[in-house]
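Please load the model in your viewer and set the display to show side chains. The stops below are given in the order of selection.

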Amino acid sequence: MAVDELQAIIQRCQILEEADFKGEDFNLFQVAGQKCLEGGYAAQLLEVIQNEKNKVIIKNMGWNLISPLVRCIFMYKQEDDKREHCLRILDQLAQLCNPKELLLGLLEQIEQTSGEQVCQTVMLLLQPLQTVLLKLQNKKAYSVGLSLAMIMNQLTPLPVPYTKQQIQEDKLGLCQCCNAVVGFAKPFVNEVVKNTEKSSEYNDMELKEELIKFCMKSLKYPLLTAQLEQLEGIEEHPFRHFATEIIDILWNIRELIPLVFVPHKDKSPPWENQEFADIERKNSADSLACLSYLMFVQHFGVECFPMVFSPSYLLLCNMTHIEVLLKRTEESVLSKGLDLFESCLLRMEDNSLLHHYLEFRVFVNVSQDLVKIMTLCPIEDMRKKSLNVLQLFIDKFNTEGKYTLFRCLLKTSNHAGVEGYIIKNIKDQIHLALTKEYDNIWFRGHHLISLLDLVLSLPEGAETDLLQNSDRIMASLNLLRYLVIKDCESDNQTGVWTTLGKIKQNFLKPLRVGLNMSKAHYEAEIKNKKENRKEAHSSNPVCSVTVSGEKMPAMTTGMQLQVLHSALFTFDLIESVLARVEEVIEGKTKAVMDENS
């Protein structure tokens, strides 16, 4: 019955001129064709399409069959003959249909798909889509761009496989699909390469721009969040292969080096809506950051890389990209930022980075981003890696650069642990200044005294929270102990003895007062807890603690006492170092007075 209906409409249209086809004819052809496909008569439909007499009809009406055809292809099993007939019909339609109409039909089908069928649909339609686009000849730039954009927009919501198992399973087919899309784009890349040698006609430039947009989108998704390290057991890593292909496209169309080293000027029309413009700018920044990671960490396209740039220039070029990556919170992106920063720093010799680079705001921003990762990131490996990279960053600066960076971090980190770490670095630099032969003015004399004003101080004087600031206070005391032991008052190379009165007034005296107050408070708390323990023992009391608006697990009296004793131990530790510092100062001062008398 379905085949008879189709034959009837075919016979009716065969006697009409192309211009006489009506809307009713299109609808009848679509309904009859759909019935044939759904009724299992794909072989008969294929015969109708292959019949030379029906060429004009298929050219005008065939694109209407795309939607039911795709449904049937997915309905039949892989080995089913009916599926093979449907695939041959799809191929015939790509050859015979009006290219513009079929293009819209194919893109509409891709746009309508979702979820698990996205990759299957895209891979199914890539070949006919490519065939149609190639038939457009010289007017294809817009259509190629539209097709690539539609495909990437449909793929972007899909989760990117990250673990080895996920990549091997490729559950949704994303790995396979991405590499298929690159193959789809190759004829258009070849066309740009071929025409670039001949001329720079406007249309060729348009096609080139569309390919650049595709590469930029691919760098942001899936490559920005993809696992790109070589994985054991995976012979050809699909995302590494995809990355290689994207780099090759950019190199072949002569855009790789300009994108890496020259600020990218977006040639797309300006957005009237500022929000859209900001999104576009952010997407571009993410893509360029990923491109730098691919080149400088994974070494994709390294054979194209001109070996003429100094390590400090490469660092400068990459700092904006590093900042973009370090501001993200996803582990896969954050790790790329740390790896890119580390890679750039390892190219440099220690003490070779001039202090002038800190005049670039991005250098200060990145150091502050590292501090945030060290203190706030929930992933321990990321915290440790950021600490290592920060130390590497410090090591690369010359002495004035280190001095400037230390001052900056002490003022901005707002974290006692980080401040303690910086103070330890300051101590190391002072040690080098006192033991090396070369003249280091930045960690001796008046420059050092200015730095010590920041180090040897309490934020709120005697009322400073000593427990919260214990890391910083211990590091400061250890530094002061080192200075008064290592630097004799008669030599006074560091200048510490000159400013000792100020140090006592601003640091040692308020610290002693603060310790006495804190110890008295905690000892009183312990006494109260112990006295109340007997009364409350029968009811097993608990203490409710709230942090950042969230209720934490309840604490028993025993747990509270443990915390209080731990705090007292910290105070005792600080007091012992403070006593040693005061003892050394007093001893050396007395010795000098005895000599003078």
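Which residue follows H20, and what is the sign of its phi? Select asparagine 414 in this predicted model: asparagine 414 comes after H20 and has a positive phi, near 55 degrees.

Next, select H20 itself, residues 399-412. The 14 residues should span 20 Å at 1.5 Å a residue, and the end C-alpha atoms are indeed 20 Å apart. Among the buried residues of H20 are Tyr403, Leu405, Phe406 and Leu409. To see what covers the buried residues, add helices H18 (361-376), H19 (380-396), H21 (416-435) and H22 (445-455), which are included in that cover.

Move to aspartate 286, which is buried at 2% relative accessible area. Aspartate 286 forms a salt bridge with lysine 282, with the closest N and O atoms 3.1 Å apart. These two residues are 4 apart in helix H15 (274-296), about one helical turn; lysine 282 is partly exposed at 44%. Arginine 328 also meets aspartate 286 in a salt bridge, at 3.2 Å from N to O. Arginine 328 sits in the loop between H16 and H17, 42 residues from aspartate 286. Extend the selection to Lys220 and Glu330: shared partners join them with Lys282, Asp286 and Arg328 into one network.

Now select glutamate 575 and lysine 519, a salt bridge of 2.8 Å. Glutamate 575 belongs to H25 and lysine 519 to H24, so the pair ties together parts 56 residues apart in sequence.

Finally, select the cysteines. The whole structure has 0 disulfides. For cysteine 86, the nearest cysteine sulfur is that of cysteine 72, 5.3 Å away.

Conventions:
Residues are numbered from 1 along each chain as its sequence is written. This is a predicted model: local features need pLDDT of at least 70, side-chain atom pairs count only at pLDDT 80 or more; totals for chains, interfaces and linings use all residues. Side-chain values use heavy atoms; hydrogens and water are left out. The expected span of a helix is 1.5 Å times one less than its number of residues. Buried means under 20% relative accessible area, exposed over 50%, partly exposed in between (1.4 Å probe, protein chains only). Contact means heavy atoms within 4.5 Å. A disulfide is a pair of cysteine sulfur atoms within 2.5 Å. A salt bridge is a side-chain nitrogen of Lys or Arg within 4 Å of a carboxyl oxygen of Asp or Glu.
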